[in-house]
Every structure is written in structure tokens, then in C-alpha cells.
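Please take a moment to look over the sequence and the model shown below. The paragraphs after them move from one residue outward to the whole chain.

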Amino acid sequence: MSSEGECRFATNRELVENENQVREKTDENGNRWYRAYTGSGAHFESWLAQCKELGEVMVEEVEPDGYICLEGQDEKLFRIWVKYKDPDK
């Protein structure tokens, strides 16, 4: 593998590791959400359908820059967020 290829692989691995650090967020209304999935294509559609069965979901588009598997494609990258359920309801 060339040094450029190694660099690109390391960058992609680093991006994935950084994405795995994104675990939850709180929206402007104080609702807590957890990240259930990040991806694209048919896998994304499958995960989205399954997450909808769990409750309220939110989809966020993620900038795919640097992801080798998406370079040169028109495919978009998304995060699926699932809202934490309020135990009092």
C-alpha cells in the first residue's frame, strides 16, 4: 500500500473513531437523544425502520468529507437519533 493509501486509511479510521464518540445530545427543548446509527444507503433505511419501532427518531445529515467509502458518490451520510423516553410518562 502506498503512503497516500495508508494515510487515507488512517484518516478514515480516525473519522469512524470520532463518530463513535458522538453518543448523545440534548436539543433546544431539553430532550435527550442517543445516537443509534450512522450510515447510508440500504443499511440506513433498515436501521431507520427499526429505530422508528423504538419511538421518536430524528435524522441528521453528516458531512461525508473524508469517508473513503463515500468519495465520488452522490450518497449521503446520516445519523439516526432516538429520543430517550421519559420514565414518568
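In this predicted model, Arg-79 is a buried residue, because its relative accessible area is 14% and the cut-off for buried is under 20%. Arg-79 belongs to strand E4, which covers residues 77–83. If residues up to four places away in sequence are set aside, Arg-79 touches Glu-19, Val-22, Arg-35, Tyr-37, Thr-38, Met-58, Val-59, Glu-60 and Val-62.

One of these contacts deserves a closer look. Arg-79 forms a salt bridge with Glu-60, and the closest N and O atoms of the two are 3.2 Å apart. Since Arg-79 lies in strand E4 and Glu-60 in strand E3, the pair ties together parts that are 19 residues apart in sequence. Salt bridges that share partners join Arg-79, Glu-60 and Lys-25 into one network. Glu-60 counts as partly exposed, at 25% relative accessibility.

What is the distance between the closest N and O atoms in the salt bridge of Lys-25 with Glu-60? Those atoms are 3.9 Å apart. Here Lys-25 lies in strand E1 and Glu-60 in strand E3, so this pair ties together parts that are 35 residues apart in sequence. Lys-25 counts as partly exposed, with a relative accessibility of 26%.

A search of the whole structure finds 4 salt bridges, and another of them links Arg-32 to Glu-24, with the closest N and O atoms 3.5 Å apart. Both partners are partly exposed, Arg-32 with a relative accessible area of 42% and Glu-24 with one of 43%.

The strands named so far can now be placed in their sheet. In what order do the 4 strands form the open sheet? The order is E1-E2-E4-E3, and the pairing is antiparallel. Strand E1 (24–26) and strand E3 (57–62) stand at the edges with a single partner strand each, so one side of each of these strands is left without a neighbour in the sheet. On average, and with direction ignored, neighbouring strands of this sheet are turned by 35° against each other.

The pairings can be followed across the sheet, beginning with E1 and E2, which run antiparallel and are joined by 3 bridges. Within E1, Lys-25, already met as a salt-bridge partner of Glu-60, stands opposite Trp-33 in E2. The hairpin of E1 and E2 has 5 residues between the strands, and in this hairpin Gly-30 takes a positive phi near 85°. Moving on, strand E2 (residues 32–39) is joined to E4 by 6 bridges, and these two strands also run antiparallel. Tyr-37 stands opposite Ile-80 in E4.

Tyr-37 and Ile-80 appear again in the nonpolar interior. The largest nonpolar core has 6 residues, namely Tyr-37, Phe-44, Leu-48, Cys-51, Ile-80 and Val-82. Two elements, helix H2 (41–54) and E4, give two or more residues to this core, and H2 gives the most, with 3 residues. Cys-51 is a member of this core; leaving aside its neighbours within four places in sequence, Cys-51 is in contact with Ala-36, Val-57, Ile-80 and Val-82. Tyr-37, for its part, is also among the residues that Arg-79 touches, which leads back to the residue where this account began.

It remains to set these details within the chain as a whole. The protein has 2 helices and 4 strands, and from the N terminus on its elements run α-β-β-α-β-β. Of the 89 residues of the protein, 21% count as buried, and Arg-79 is one of those that count as buried. Among contacts between residues at least 6 apart in sequence, 58% join residues at least 24 apart. The accessible surface of the protein comes to about 6,500 Å², and 47% of this surface belongs to carbon and sulfur atoms.

Conventions:
Residues are numbered from 1 along each chain as its sequence is written. This is a predicted model: local features need pLDDT of at least 70, side-chain atom pairs count only at pLDDT 80 or more; totals for chains, interfaces and linings use all residues. Side-chain values use heavy atoms; hydrogens and water are left out. Buried means under 20% relative accessible area, exposed over 50%, partly exposed in between (1.4 Å probe, protein chains only). Contact means heavy atoms within 4.5 Å. Two strands pair if DSSP finds at least two bridges between them. Axes are lines fitted to C-alpha atoms, for helices over the stretch in contact, and angles run from 0 to 180 degrees between N-to-C directions. A salt bridge is a side-chain nitrogen of Lys or Arg within 4 Å of a carboxyl oxygen of Asp or Glu. A nonpolar core is a set of buried Ala, Val, Leu, Ile, Met, Phe, Trp, Tyr and Cys residues joined through side-chain atoms within 4.5 Å. Accessible areas come from the Shrake-Rupley method with a 1.4 Å probe; for residues, only the protein chains shown count as cover.
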